[in-house]
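Look at the model below and find a strand in its interior. The explanation begins with that strand and then moves out to the whole chain.

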Amino acid sequence: MRCVTAWERLPARLARTAPWPVGLDVRLIAAIQGQGVEQPYIHQAQAIEAALAGEHVVLSTSTASGKTLAYNLPVLDVLLNGPGACALYLFPTKALAHDQISNLKSQIANLQSPIAVRPYDGDTPTSHRTAIRREARLLVSNPDMLHTGILPYHPRWSRFFANLRYVVLDELHTYRGIFGGHVANVLRRLRRICRFYGSDPRFVCASATIANPRELAERLIESPVTLVDDDGAPRGEKHFVLYNPPLVDPQLGIRRSSALAAKDIAARFLQADVQTIVFARARLTTEVLLGYLRDEVAAVDGEPEAVQGYRGGYLPHERRAIERGLREGEVRGVVATNALELGIDIGQLSACVMAGYPGTVASAWQQAGRAGRRAGLSAAVLVASAMPLDQYLVTHPRYFFGQPVEQALLDPDNLAVLANHLACAAYELPFERGEPFGGFSDVEGMLDVLAEGEMLHDSNGRYTWVGEGYPAAEISLRTGLPDNVAIQDVSVAPPRAIGLMDRPSAPVLIHEGAVYLHGGETYLVESLDWEQGLACVRAAELDYYTRASSTTEVQVVEEYSPCHPASLSPSQGDEETGGQGAVHRGYGQLLVTTRATGYRKIKRYTHEMLAWATIDLPEQELHTTGYWLALSEELTERLQEAGVLPPPVDYGPNWSERRDAARARDGYRCRQCGAPEREDRQHDVHHITPFRAFGYVPGANDLYELANRLENLITLCSACHRRVERARGARGALSGLAYLLRSLAPLHLMCDPGDLGSAIGRRAPAQSRAPETGLPTVTLYDRAPGGAGLSVRLYELHDELLAAALDVVRRCPCADGCPGCVGPAGDVEAGTKALTRHLLEAVVGE
């Protein structure tokens, strides 16, 4: 019990019902009552009534509260009473779509009505597609297929679009960030085509409990929406436990691994024959935990195959078999990523264990809702990791169990996203000059840009597609990038495909030498062909896994006006004064350059590092948006005098000559990885024995000559230089602040910590653009091309973020830094925790 920071008993709750809405077809009422539902829950009745009245609706209630019935009934009412009427259901995943089809067919069978329900996604055989286009009245698909396989071929769907009356968007809260921006533009294209065929469908949306469901729905469909959030569904008793693994080294603040703690808790449930789901945040953790749990089951003479893994990258038939095994009880435990978070029917699980906070409160409740979904006693255990966000939540349980504060954010006018969808829309139907495209203000200007790029032809104010092929085929809604990397097992003949990975993740997960885990099996990556997008792996028995690291450089391209985040007008940003200690905050366009630098081999169970090796892959450039916090010159000088920030280093009068001599001696190549200098950036020159150790004082001695001897200098690329500095512990207050801010930002944003990147550096003051006179700066940026709308919100949350960061660093029990506050003690220099606290106190004016 000493590791339990909160144990919340959620008592059983009785249902609150209402009469059936007036106007709902009596056949539907009779069919539902025949299934044992005498009256709808109050939220179901409200949603049905609003939909029948012709309103756009968003329903935001708890997991397993009957949202599906609430949108099925008004849709079926229209299909029953309009012989040609059609409806489109969109689910974020194919698995969820297929799961809902069986439910729909069961309801329609009870009506004895010939309403044709058809799936249409990437798994639909080509031979079936013509008949589906001819027959379907209720089409079940996903945004990706609507984008690539339906809208570009709308003439084949003319009957369907002309009669489209309803569009259902389930799991609305997943349409956020870059994915949400893409989906908003797909819906713009959908409504444009519907207008062409003379229809104007109503939208019915279903969302998990978030702070802004109406705002999110209105941002997606760009129309007023009626919110229904008075949850009348019953629930069984649930025990929700927040568990913080014990400190194994109080001085360093090191806690027991959350993965190992989750493994122990899940093993106890499984040994008691409690069907259990374990959620992990990353694909690697999923596979590692799967191996651990199978070992635990085998140790007590159980059947290891009764525990399965489930994540993105598994092939469709593998996922369907696992889902069926869970429903039928043959699979007693499953280790999953958030791929199983959504409402796929996997039966009546009784326990949920989360290995780390999943990134949002909404996701945590969705995952917890997978246990005890139908009734009865259930348990959910959230095992905190050592990261600041997890530690903040387990020490502030009221934040977790209180009112939702998370906002789902998206930016449909992100130019990197919008331009692609305008091209898709022009391919589908020519644009007339002055024609709108959702709420975007400069459609004509963007069309002119596409015409200049010879993708469109402008003829008397009519823009027609003249590019090659159809543009939707080149655009991924999920990553903003056009392709994936295929993973091929070459240990069998002939080689077989075993998975896919998005290209941004590939350099750190499937680089040459990486250990790739899939379905509990271990593979060693033999090669990664970056140009061809193919990784070749071979099955191997290994007692270690790998974890890669990367370095990042950030350049501000343009600073936006504080009042107009989407505008391109330059601004000097926002200068905070008084209590904020003259801190400049701003946001704008960034160029982020990332390079995978190396990877560690880590022994299973003991987690000791066995070896380190370099990664040789191209740099990746990302044009995105970011928020930054820069200390003023006055505050910087004050903090340098107080010893909170290091003072500028004077390397002596011969530094420029010695630096050039070292680079020339090393052939202008990095001595660690061999990378040559780029035309736009010289390599760094590093002091093997730190310069400060020589005690040089300008004007008092000439010890700089000893420090700057060639034998004490080594040429390093920026990536290797940062790794060497980290190994030396040369990370101080600014790094501690960056670590905290990035970790805590998702408190108010519905995003994964991995959706944000961070960097520290120096920003030039207004009167000088010389890098050496720049101001200490922390930058947080969206890790999506063009941005995902997160940075603007971070700019607005500036004060709350700083207050939360100060609270964490003050509360943390460690002596001098740990993963739960400013970073592990081995990664930061001595005194970093205290220095970060002093920095934060100066910034917030305490």
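This model is predicted. Start with strand 15, which covers residues 351-355. Of its 5 residues, 5 are buried, so the strand is largely enclosed by the rest of the structure. To count as buried, a residue must have under 20% relative accessible area.

The side chains of strand 15 point in two directions. A351, V353 and A355 point one way, while C352 and M354 point the other way. Residues in both groups are buried.

Which strands pair with strand 15? One partner is strand 12, made of residues 276-280, and this pairing is parallel, with 5 bridges. The other pairing to look at joins strand 15 to strand 16, residues 378-383; it is also in the parallel sense and has 5 bridges. Residue A351 can be used to trace both pairings: A351 is the bridge partner of T276 from strand 12, and in strand 16 the bridge partner of A351 is A379.

Now step back to the protein chain as a whole. It contains 26 helices and 33 strands. Of its 846 residues, 55% count as buried. The C-alpha atoms fill a box of roughly 95 × 75 × 65 Å along the principal axes.

How does the radius of gyration of the protein chain compare with that of a compact globule? For 846 residues, a compact globule would have a value near 28 Å, and the protein chain has 28 Å, so the two agree. Contacts give another view of the fold. Among contacts between residues at least 6 apart in sequence, 73% join residues at least 24 apart. The accessible surface of the chain comes to about 34,900 Å², and carbon and sulfur atoms account for 50% of that area.

The last topic is the cysteines. A disulfide is a covalent bond between the sulfur atoms of two cysteines. How many disulfides does a search of the whole structure find? The search finds 0. C812 is in no disulfide, and the nearest cysteine sulfur to it, that of C818, is 3.4 Å away. Seen from the other side, C818 is in no disulfide either, with the sulfur of C812 as its nearest cysteine sulfur at 3.4 Å. The cut-off explains why this pair is not counted: a disulfide needs two cysteine sulfur atoms within 2.5 Å.

Are these two cysteines buried or exposed? C812 counts as buried because its relative accessibility is 14%. C818 also counts as buried, because its relative accessibility is 3%.

Note on methods:
Residues are numbered from 1 along each chain as its sequence is written. This is a predicted model: local features need pLDDT of at least 70, side-chain atom pairs count only at pLDDT 80 or more; totals for chains, interfaces and linings use all residues. Side-chain values use heavy atoms; hydrogens and water are left out. Buried means under 20% relative accessible area, exposed over 50%, partly exposed in between (1.4 Å probe, protein chains only). Helices (H or I, at least four residues) and strands (E, at least two) are DSSP runs, numbered from the N terminus. Two strands pair if DSSP finds at least two bridges between them. The radius of gyration is taken over C-alpha atoms; the globule rule is 2.2 Å times the number of residues to the power 0.38. Contact means heavy atoms within 4.5 Å. Accessible areas come from the Shrake-Rupley method with a 1.4 Å probe; for residues, only the protein chains shown count as cover.
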